[in-house]
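Please follow this explanation with the coordinates open, moving from one local feature outward to the packing of the whole chain.

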Amino acid sequence: MISIKPQKGNLLIAEPSIIGDLSFNRSVILLADHNSEGSVGFILNKPLGYTIHDLIPEINANFKIYNGGPVEQDNLYFIHNVPELITNSVEISNGIYWGGDFELTKELINQGKIKKGNIRFFLGYTGWDSHQLEHELEENAWIVSENSYKNKIIGKPTTHFWKEKIMELGGDYLIWSNAPENPVLN
């Protein structure tokens, strides 16, 4: 079901049929870039058991780290909504920015100028080669959705995020909203 064509800033919602895929089962992905060469996104609702302080001890904050996707999981990425503070960032859309001056970012977090609702950190990202995402959309692996949260999505709680998005779709998707994550355990 291709509802809208994917573009930067859209959300990709994993179809309920993606079962058994640890990275993408019940994922909601922010599409950070999409063009003829490929696509990049960050999984928004897969927190890891780490904080930014665990990975970078000189940062005095307990911001959660999220699994951004299976690509380059040894690299740290971030999105934010404070471009006036973090220089050299790139706008994704809707006031959401990707990356920027990391040394400055560390200082601003330690000074309390960047709060939890302003920034989200990821280990790794999700990537697709040229036309790979379109192929997966044709195979009904993803549903493309507008990001109605705009830049507030950065501070959005993620516990039931996939379920919320599935319920918004309504219709045949409603039955999946209460299904167990692993149907074998039903």
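Just after helix 2, G112 adopts a positive phi of about 80 degrees, and this glycine makes a convenient place to enter what is a predicted model. Going back along the chain into helix 2, which spans residues 102–110, one finds that T105, K106, L108 and I109 are buried. These four residues lie on the same side of helix 2, because the arc that they cover around the axis is only 165 degrees. The partners against which the buried residues of helix 2 pack are strand 6 (71–80) and strand 9 (119–129). At the N-terminal end, helix 2 is capped by D101, which places a side-chain oxygen 3.1 Å from the backbone nitrogen of E103.

Two further positive phi values occur in residues that are not glycine. N88, in the loop between strand 6 and strand 7 (90–93), has a positive phi of about 65 degrees, and with a relative accessible area of 66% N88 is exposed. N140, for its part, is placed in the loop between helix 3 and strand 10 and has a phi near 60 degrees; its relative accessible area of 34% makes N140 partly exposed.

From the backbone we can turn to the aromatic side chains. A pair of aromatic rings is described by the distance of the centres and the angle of the planes. The structure holds 10 aromatic pairs. One of them joins F24 and W142 in an edge-to-face arrangement, with 5.5 Å from centre to centre and 80 degrees between the planes. This pair links distant parts of the chain, since F24 belongs to the loop between strand 1 (11–14) and strand 2 (28–35), whereas W142 belongs to strand 10 (residues 142–145), 118 residues apart. F24 is buried, at a relative accessible area of 14%, and W142 also counts as buried, at 1% relative accessibility.

Another pair, that of F42 and F122, is stacked, the centres being 4.8 Å apart and the planes 20 degrees apart. Because F42 lies in strand 3 and F122 in strand 9, this pair ties together parts that are 80 residues apart in sequence. The relative accessibility of F42 is 0%, so F42 counts as buried, and F122 is likewise buried with a relative accessible area of 0%. Beyond this one pair, ring pairs link F42, Y66, Y77, W98, F122 and Y125 into a cluster. A member of that cluster, Y66, also has R120 lying over its face, at 4.3 Å from the ring centre.

The nonpolar packing can be read next, at the level of whole elements. In soluble globular proteins, nonpolar side chains tend to be buried together. Here the largest nonpolar core has 35 residues, of which L11, L12, L44, I79, W142 and I153 touch the most other members. At least two residues of this core come from each of strand 1, strand 2, strand 3, strand 6, strand 9, helix 3 (132–138), strand 10 and helix 4 (161–169). Strand 2 gives the most, contributing five residues. Separate from this core is a second one of 15 residues, which includes V82, I109, I114 and F121; I109 has already appeared above as one of the buried residues of helix 2.

Finally, two polar residues offer a contrast in burial. Is S39, in the first case, buried or exposed? S39 lies in strand 3 (residues 38–43), and it counts as buried because its relative accessibility is 5%. The side chain of S39 makes a polar contact, at 2.6 Å, with the side chain of H34. Leaving aside residues up to four places away in sequence, S39 touches L31, D33, H34, T126, G127, W128 and L133. D129, by contrast, is found in strand 9 and counts as exposed, at 58% relative accessibility. With the same exclusion of residues up to four places away in sequence, D129 touches E37 and G38. The C-alpha atoms of D129 and G38 are 4.4 Å apart in space, although these residues are 91 apart in sequence.

Methods. Residues numbered from 1 in each chain as written. Predicted model: local features only at pLDDT ≥ 70, side-chain atom pairs only at ≥ 80, totals over all residues. Heavy atoms only, no water. Buried < 20%, exposed > 50% of the residue type's maximum accessible area, 1.4 Å probe, protein only. Polar contact = N/O pair within 3.5 Å; in protein donor to acceptor, adjacent residues only side chain to side chain. Contact = heavy atoms within 4.5 Å. Arc of directions from axis to C-beta. Phe/Tyr/Trp six-rings, centres within 6.5 Å; stacked < 30°, edge-to-face > 60°. Lys NZ or Arg CZ within 6 Å of the ring centre and 35° of its normal. Core = buried A, V, L, I, M, F, W, Y, C linked by side-chain atoms within 4.5 Å.
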